[in-house]
Amino acid sequence: MSTIPKLRINACNDAPIRPERDFVVYWMTAQRRLSYNYALEHAVELAQTHQVPLVIFEPLRSEYPWASERLHQFVIDGMADKARRLADANVTYFPYLEREHDAGKGLLAALGERAVAVVTDEFPAFFLPRMTAAAAAQLDVRLEKVDSNGIVPLRAPGKAYKRAYDFRRWFQKHGREHLDTFPRRHPLVGKQLPQLDRLPAEITDRWPAATLDELADPAFVTTLPIDHDVQPVAAHPGGEEAARERFQTFLTERLEGYGNRRNYPEDDHTSRLSPYLHFGHISTHEIVGAVLEQERWGFDDLADNAKGKREGWWGLSEDAESFLEELITWREVSYNTCHYVENYDAWESLPDWAIATLEEHADDPREHVYTLDEFEKAQTHDELWNASQMQLVKDGRIHNYLRMLWGKKILHWSASPQEALAIMIELNNKYALDGRDPNSYSGIFWTLGRYDRPWGPEREIFGKVRYMTSKSTRRKYSVGRYIEKWVGKGY
Ligand SMILES: Cc1cc2nc3c(=O)[nH]c(=O)nc-3n(C[C@H](O)[C@H](O)[C@H](O)COP(=O)(O)OP(=O)(O)OC[C@H]3O[C@@H](n4cnc5c(N)ncnc54)[C@H](O)[C@@H]3O)c2cc1C
């Protein structure tokens, strides 16, 4: 019997399941992993029920917004990983990359014509919800989306939470039930499934799968029709194996001290897991399960009453609680917003007080105003800001504390708050490996007041929106080596 919570599985169309057809397709679009993955688990269960083979179809288009060598290579690393692991497995793995724009058009429909059912990932942001809805209308077979995004099923809270405190309070009341049900660690292992000799030739002749040799070749990405200026970052290889290795290092070397040290830019004591979480190369269930196990935690440790306080509810060490606060409260309130707030990426989705105060101060005189191009090239007067922008460009990430400062200063030095928003979205999503995620929008909109409250004193440009300065950051944290590293001018 299935143990997948029903709330996590949703039909996208009214088309029937077609048991007379050849195989079940798992159309892997967001949770690009083989473990702790409810969508894969559901696809396996369907294939078992109908006694047909399973095809794991993992495509990558060339024309999605900000498609670049950096983002593509990360996904390709993960594909190579899967191609190796599934070489002798009981399923057919079909990695597909568009070698020309639109070359993949019609492929899902062609697979769908042979499919008993199609299962896909539910992801609440970027172009994925639109793509899934379009596919649902096109397929003549049942398309089901499965939510493997986090500990809390997207539909469980039933509404959008506007403050992290309220979401945390909800979680403290209801979290127990969601912590009790985990996806299977290895949904494929031990499963008897009929095997497919090969995919139909009329499909593979027109849409050939990427071979393992291609996927493992670093030059392959250079042949694809994508942005070649945003380069891969060798320090952050993609894939489940790399994700797990990074997580193990964090668990054994960095979780201790996380609470105090996570804000120090030069310490870099955080997990650096966000790109892997974004591309679904690791699951929050795996991370949370391992942290709880290391802490020898049990349900009896939970506090009896839910007050929404940041510390104390879990009954864990301070470091572990601090880490889960980021991974569950902040990450999942972001997913909650994207799921329930349709225009989550638009200016109008900010709280009324933030829109009012920012608009009231929109015409305030600005000592510095930079264009997108100047920001992108790190040509501001402020070395610390330039260093964080250069880290983003070269390393595909910015340390969390400096990322807040990075956003606040774009607000400070843009011609208008709406332009600041557009610049943040463009730069974050173009360069950050973890960009285009619900967290991207929550981080960016947080700099403009989302999840926050009005702060005094009221200031120029910011109005009542929380203010940050490079000067106070420099007072709090040592950043000389950080600046030296990214802009090489010393401090
Ligand atoms: C302007 C701005 C833009 C941002 N853009 C992104 C983005 O594109 N993608 C992204 O994943 N995060 C974004 N964040 C949130 C945060 O900066 C990153 O999640 C974090 O720095 C990732 O580093 P880490 O994996 O080492 O985090 P850790 O501290 O190790 O935390 C573990 C995980 O918790 C989650 N998390 C941590 N901090 C936050 C946070 N503030 N909000 C939501 N989730 C959090 C992430 O999934 C992270 O991987 C942004 C923040 C700001 C202020």
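A polar contact is a pair of N or O atoms within 3.5 Å. In this predicted model, such a contact is formed between Y258 and the ligand: a polar atom in the side chain of Y258 is placed 2.5 Å from a ligand oxygen atom. The side chain of N400 also takes part, with an N or O atom 2.7 Å from an oxygen atom of the ligand. In the case of L273, the backbone supplies the N or O atom, which lies 3.0 Å from an oxygen atom of the ligand. On its own, the ligand has 820 Å² of accessible area, of which 94% is covered by the protein.

The shell around the ligand was then examined by residue and by element. It consists of 23 residues, among which Y258, T270, S271, N400 and S440 come nearest. By class, eight of the shell residues are nonpolar, ten are polar and five are charged. Two or more residues are contributed by each of the helices α10 (274–278), α12 (318–340), α16 (400–412) and α18 (438–446). The most is given by α12, with six residues. In terms of domains, at least three shell residues come from domain 2 (240–340), and at least three from domain 3 (347–487).

A further region is annotated in the sequence record. An unreviewed UniProt entry assigns the feature "domain: Photolyase/cryptochrome alpha/beta" to residues 22–154. In the predicted model, helix accounts for 36% of the chain over residues 22–154 and strand for 22%. The C-alpha atoms at the two ends of this stretch are 32 Å apart.

Notes
Residues numbered from 1 in each chain as written. Predicted model: local features only at pLDDT ≥ 70, side-chain atom pairs only at ≥ 80, totals over all residues. Heavy atoms only, no water. Near = heavy atom within 4 Å. Polar contact = N/O pair within 3.5 Å; in protein donor to acceptor, adjacent residues only side chain to side chain. Areas by Shrake-Rupley, 256 points an atom, 1.4 Å probe, with all protein chains shown as cover. Helix = DSSP H or I, 4+ residues; strand = E, 2+ residues; numbered from the N terminus. Nonpolar A, V, L, I, M, F, W, Y, C, P; charged D, E, K, R; others polar. Domains from an automatic or database assignment. UniProt positions renumbered as here; feature names shortened; annotations may be inferred.
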